[in-house]
Amino acid sequence: MDSVTKSDVVIVGGVAAGPKTAATLMRRNPKVKVTLFQKEEQLSYATCGMPYFASGDVDNFQKLTLTSYGVVRDAEFFENTKGFEAVTGAEVLSIDRAKKIVTVRMITNGTTFEHGYDKLVLATGATAAKVPFSVDDGPNIRTFTSPEDAITFRKLAQTGQIEAATIIGGGFIGCEVAEAAGGLWGIETTLIEREDQLLPYVLDPEMAALVKAEMIGQGINVLTGATVEKVAVIDGKATISVSENEDIDSDYVFMCLGVKPMTELASGCGLELGSTGGIRVDAQMRTSDPDIFAGGDCVESIHQLTGKEVFMPMGSLANRHGRIIAENIVGNDASFPGVLGAFLVKIFDLNVGAVGLSERAAVADGMDIQTVWGAFLDKPDYYPENNNVFLKMVYATESRQLLGLQAVGKGDITRRVDVFSSFLQRKATINDLLDFEHGYAPPYGEALDPLHHLAGMALAQEKGMEFVGPGEGLVQFANAIWLDVREIAEVEAMPINVGVDVADLLHIKLGDLKNGLDKINHDKPILVFCRRGPRSYQAALQLKTAGFDNVVVLGGGTTGLPETEEAE
């Protein structure tokens with residue numbers, strides 16, 4: 001060991017968790033010697049910004065490597081401003097836990113050397129998941145996990161060398177890349193997802209339907225419930241064979257099938273892995289070896305609501321991991337509480353986000369839950385530039401504990417997701433949401449926030465009012481009376497079309513309902529709807545007071561039906 005160079009802390013990985021750990025360590029103890037090894041030449045680049053570089057929103061890749069004041073985050077920057085050494089083009093091949101050394105190979109010349117450590121941090125990230133079908137090799141068949149992927153596509157797109165592109169996988173990256181291809185560049189774009197909906201692991205079907213409608217409206221050909229069987233390359237052009245569909249020819253194919261944690265180093269030295277395949281760590285981000293920490297996309301997390309192991313690769317979590325690791329290395333007590341799954345994604349003009357559990361996830365976990373669903377404006381209707389937001393809330397039936405929120409719309413969903421995340425972390429209930437005091441002014445929101453309205457709907461549901469969201473569940477109301485309580489002008493401007501053969505459609509505007517009850521059949525169930533929901537609720541109360549028992553409110557009204565379009 002005398003001949004081996006040694007650092008107090010060695011870090012493997014230089015994108016998010018690694019640099020964050022190193023920088024925090026140097027702030028806490030400037031005398032500590034830290035060496036970071038990064039296999040790629042780029043350091044600390046904004047991975048989550050790559051789709052926006054590919055789309056042209058970010059005009060050059062270097063912007064993803066800059067500080068907020070315009071300085072490149074390269075090895076020289078980290079040494080001069082943060083005080084630690086970063087070695088790029090350096091692949092760590094193995095870890096000897098007994099001797100506490102890592103073996104490193106320099107990619108440019110192939111030389112190897114050993115480097116000792118007192119504490120080791122693994123921030124090796126994630127890599128593309130294995131493709132479950134046959135794929136021919138081709139320069140234009142790529143994943144979207146590295147800077148080279150984004151740069152290669154951007155060069156071809158901006159020089160007009162791609163007429164048709166296909167994205168396989170409808171998760172976060174797949175949806176973002178579909179916008180990148182079909183937006184600014186105007187490429188004929190097809191998005192294929194094996195599940196029956198887009199974003200299948202984070203959104204419920206009725207919320208995902210809004211995303212699909214936006215995609216289709218923006219000219220993207222969306223195939224859901226479609227299984228890719230193979231990708232063949234003939235004369236430089238790709239042909240994608242899809243079950244029960246015609247073959248698709250493309251100049252460029254993105255394989256966006258998710259990622260898996262890079263754990264070869266960890267497993268190679270005997271560190272414990274979790275059930276999801278990620279490195280298992282405790283609340284202090286320690287691995288099964290107390291001198292080795294791990295963070296970022298290579299680790300698995302514990303979900304705060306279920307207590308179960310989950311794999312959740314997010315840049316926001318990676319940066320939090322880095323701070324916690326550094327605090328514990330220098331002797332401070334810091335813990336990571338687990339994850340709630342908060343995410344945001346922009347899909348053309350639509351903002352999409354969620355936190356906590358979806359209805360599907362909660363039911364799969366065996367929870368007794370209820371949901372409410374509604375459409376709201378993000379600002380008062382009299383204020384310019386107001387937009388719709390669609391919210392779905394999941395909560396526990398008996399305890400009323402909040403469990404999850406999904407949000408889709410052109411309006412501001414970010415603060416609703418963030419606020420709800422805070423409530424979930426402290427295991428708050430519907431009543432806590434009713435007591436929530438939010439900042440209010442017309443340019444920013446309504447006097448009562450949509451979250452407050454969701455809580456009120458949940459309490460009304462508890463007292464016997466039933467709400468139903470849009471989607472496949474509406475089929476059960478095909479033989480019900482569909483009572484439209486909108487104004488005449490609204491009905492003419494936006495006739496409903498939900499893909500359900502409605503047997504009995506009745507229009508009585510809310511103001512006339514009190515005197516029009518004799519027009520309604522007492523013996524049939526009634527589905528009441530308006531444009532967004534509040535009038536439906538008022539109408540349902542009137543109907544129940546008048547003795548109509550089987551009354552259901554369509555949450556979100558016609559605004560939440562993706563098949564409904566405003567008349568020209």
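A residue counts as buried when its relative accessible area is under 20%. Glu327, at 9% relative accessibility, is therefore buried. Keep that cut-off in mind as you look around this predicted model. The tour below visits an open sheet of five strands, then two glutamates that sit in helices H6 and H8, and finally two loop residues with positive phi, Glu385 and Arg400.

**The five-strand sheet**

- Let's start with the overall layout: the strands line up as S21-S22-S25-S24-S23, with antiparallel pairing, and the sheet they form is open.
- At the edges you will find strand S21 (343-347) and strand S23 (369-377), each of which pairs on one side only.
- On average, neighbouring strands in this sheet are turned by 15° against each other, if direction is ignored.

**Strand S25 and its partners**

- Strand S25 covers residues 402-409, and eight of its eight residues are buried.
- On one side, S25 runs antiparallel to strand S22 (residues 350-356), and six bridges join the two.
- To trace this pairing on screen, find Val352, whose bridge partner in S25 is Val408, and then Val355, which stands opposite Leu405 in S25.
- S25 is also joined to strand S24 (residues 388-396), by seven bridges, and these two strands are antiparallel as well.
- A handy landmark for that pairing is Leu391, which has Ala407 of S25 as its bridge partner.
- S24 and S25 make up a hairpin, with five residues between them.

**Glu214, a buried charge in helix H6**

- Glu214 belongs to helix H6, which spans residues 205-217.
- Although Glu214 is buried, it has no salt bridge.
- The nearest side chain of opposite charge is that of Lys410, 4.6 Å away; a salt bridge needs the charged atoms within 4 Å, so this pair does not qualify.
- What does the side chain of Glu214 reach at 3.2 Å? It reaches the backbone nitrogen of Asp349.
- Setting aside neighbours within four places in sequence, the contacts of Glu214 are Ile347, Phe348, Asp349, Leu350 and Lys410.
- Two of these contacts lead back to the sheet: Ile347 falls in edge strand S21 (343-347), and Leu350 falls in strand S22 (residues 350-356).

**Glu327, a buried residue in helix H8**

- Glu327 is found in helix H8, made up of residues 315-329.
- Which side chain joins that of Glu327 in a polar contact of 2.8 Å? The partner is Arg28.
- Not counting residues up to four places away in sequence, Glu327 touches Arg28, Asn332 and Ala334.
- For a sense of distance, Glu327 and Gly278 are 49 residues apart in sequence, and their C-alpha atoms are 22 Å apart in space.

**Two loop residues with positive phi**

- Most residues other than glycine have a negative phi.
- Glu385 has a positive phi, near 60°, and lies in the loop between S23 and S24.
- Is Glu385 buried or exposed? Its relative accessibility is 69%, and the cut-off for exposed is over 50%, so Glu385 counts as exposed.
- Arg400 also has a positive phi, near 65°, and its place is in the loop between S24 and S25, the turn of the hairpin described above.
- With a relative accessible area of 22%, Arg400 is partly exposed, because this value lies between the 20% and 50% limits.

Terms used. Residues numbered from 1 in each chain as written. Predicted model: local features only at pLDDT ≥ 70, side-chain atom pairs only at ≥ 80, totals over all residues. Heavy atoms only, no water. Helix = DSSP H or I, 4+ residues; strand = E, 2+ residues; numbered from the N terminus. Buried < 20%, exposed > 50% of the residue type's maximum accessible area, 1.4 Å probe, protein only. Lys, Arg positive; Asp, Glu negative; His and termini not counted. Polar contact = N/O pair within 3.5 Å; in protein donor to acceptor, adjacent residues only side chain to side chain. Contact = heavy atoms within 4.5 Å. Pairing = 2+ DSSP bridges. Axes fitted to C-alpha atoms, helices over the stretch in contact; angles between N-to-C directions.
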